Amino acid sequence: MENFRIGIPSKGRLAEVATELLGDAGLKFRRQDRSLFARVRDMPIDITFLRTDDIPVLCAEGAIDMGITGSDLVQEANVDVETRMELGVGKCRLALCVPEDTDWQSVEDMKTCRVATSFPHVTQTYMKANGANPHLVNLSGSVEVMISLGIADAIVDLVETGSTLAANRLKIFAEIGNYQTVLIQNTQKRQPELADRIVRRLEGVVIARDYSLLEYNIPREKLAEAEKITPGFNSPTINPLEDNAWCAVRAMVKRKEVIDVMEQLEQLGASAILQTNIANCRL
Ligand SMILES: Nc1ncnc2c1ncn2[C@@H]1O[C@H](COP(=O)(O)OP(=O)(O)OP(=O)(O)O)[C@@H](O)[C@H]1O
Ligand SMILES: O=P(O)(O)OC[C@H]1O[C@H](OP(=O)(O)OP(=O)(O)O)[C@H](O)[C@@H]1O
Ligand SMILES: [Mg+2]
């Protein structure tokens with residue numbers, strides 16, 4: 001049987017992201033120089049290094065069984081693939097942006113304007129749905145400078161921190177969507193058991209990255225209240241302590257909420273509150 005094929009970005013910001021995710025999930029491989037293939041150690045899987053924006057169409061056509069790319073690129077490619085999971089990284093928005101001092105009040109006002117973008121399909125669909133039919137200028141990058149170059153009145157591009165917009169004296173006029181890095185699969189679903197195994201492995205890593213393990217001691221009379229603060233992923237683990245009036249609690253907490261939760265527990269009377277990061281998990 002032919003090896004299962006996973007396509008990942010060969011360069012750019014998602015290249016390292018994808019390699020690290022797969023590595024943490026136990027899919028280890030070494031890319032030699034600029035080679036386009038690598039074999040995964042001890043598994044019947046080949047990694048193919050591709051352009052990030054080609055991955056959706058190559059997955060739809062069956063050149064690869066699975067791929068890691070941006071969900072913005074999946075939507076733009078407008079092809080039939082299954083999104084198996086969100087990978088929790090590469091989060092960004094796609095936005096219609098205009099000069100800071102614009103006179104426009106609504107998207108409808110932009111009927112006859114020129115919009116520069118590397119997302120023509122998504123832009124066209126969005127503008128049409130909002131009653132505008134602008135002239136599109138299709139580019140593959142550096143879209144933000146096109147207004148000052150005089151070839152566009154507005155742009156549609158990715159925004160993360162907003163610093164590129166600010167540097168070009170632009171502002172968000174309307175948000176089109178929220179995106180992140182995703183794992184996609186060809187709809188034929190070759191070797192479904194292996195595919196599901198890869199998904200489970202990646203889930204273990206993605207959930208582990210999102211959560212911390214919090215352990216603390218709490219007076220029994222406060223346990224019910226503490227459990228409300230840390231309900232855990234399914235439910236917290238409670239253990240007795242030598243002092244019967246106290247018990248020990250272990251629960252998973254969203255990493256970004258940990259500091260806040262620790263403060264709430266301390267106020268409630270908890271002690272020995274410890275945060276541990278999780279490397280991997282199966283829940
Ligand atoms: N500023 C950003 N913050 C977070 N994610 C982003 C950002 N820009 C792009 N992405 C995500 O990364 C994907 C790949 O981006 P892009 O095609 O621009 O490649 P790149 O890594 O920037 O390399 P290149 O130098 O070729 O532009 C995008 O489709 C999007 O999903
Ligand atoms: O809101 P920000 O944090 O400024 O991020 C947004 C910028 O990031 C991406 O560009 P990238 O860095 O990939 O450069 P590129 O134009 O070469 O793709 C995107 O195309 C925006 O220009
Ligand atoms: Mg880029």
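Colleague: Where does ligand 1 lie with respect to domain 1 and domain 2?

Modeller: This is a predicted model. Both domain 1 (4-90 + 180-190) and domain 2 (92-178) contribute residues to the shell around ligand 1, so the ligand lies between them.

Colleague: Which residues come nearest to ligand 1?

Modeller: The shell holds 14 residues, and Gly-12, Arg-13, Gly-70, Cys-92 and Glu-160 come nearest. Helix H1 (13-24) and helix H3 (71-77) are the elements that each give two or more residues to this shell. By class, the shell around ligand 1 divides into 5 nonpolar, 5 polar and 4 charged residues.

Colleague: Which elements give two or more residues to the shell around ligand 2?

Modeller: They are strand E9 (154-159) and helix H5 (163-167). The largest share, 3 residues, comes from E9. Among the residues around ligand 2 are Asp-157, Leu-158 and Glu-160. The shell has 2 nonpolar, 6 polar and 3 charged residues.

Colleague: How should one read the order of strands in the open sheet?

Modeller: Strands of a sheet pair through backbone hydrogen bonds, in either a parallel or an antiparallel manner. Here 6 strands follow the order E2-E3-E1-E4-E11-E5, with mixed pairing. Strand E2 (37-39) and strand E5 (82-86) are the edge strands, each pairing on one side only. From one strand to the next, the twist averages 25 degrees. Strands E1 and E3 run parallel and are joined by 6 bridges; Arg-5 stands opposite Asp-46 in E3.

Colleague: Which strands does H1 lie across?

Modeller: H1 lies across E1, strand E4 (66-70) and strand E11 (181-185), at about 140 degrees to E1. Helix H6 lies across E1, E4, E5 and E11, running at about 25 degrees to E5.

Technical notes
Residues are numbered from 1 along each chain as its sequence is written. Chains are lettered from A and ligands numbered from 1 in the order in which they are written. This is a predicted model: local features need pLDDT of at least 70, side-chain atom pairs count only at pLDDT 80 or more; totals for chains, interfaces and linings use all residues. A residue is near a molecule or strand if its C-beta atom, placed from the backbone, lies within 6 Å of it. Helices (H or I, at least four residues) and strands (E, at least two) are DSSP runs, numbered from the N terminus. Ala, Val, Leu, Ile, Met, Phe, Trp, Tyr, Cys and Pro count as nonpolar, Asp, Glu, Lys and Arg as charged, and the others, Gly among them, as polar. Domain bounds come from an automatic or database domain assignment. Two strands pair if DSSP finds at least two bridges between them. Axes are lines fitted to C-alpha atoms, for helices over the stretch in contact, and angles run from 0 to 180 degrees between N-to-C directions. Two residues are in contact if their C-beta atoms, placed from the backbone, lie within 7 Å.
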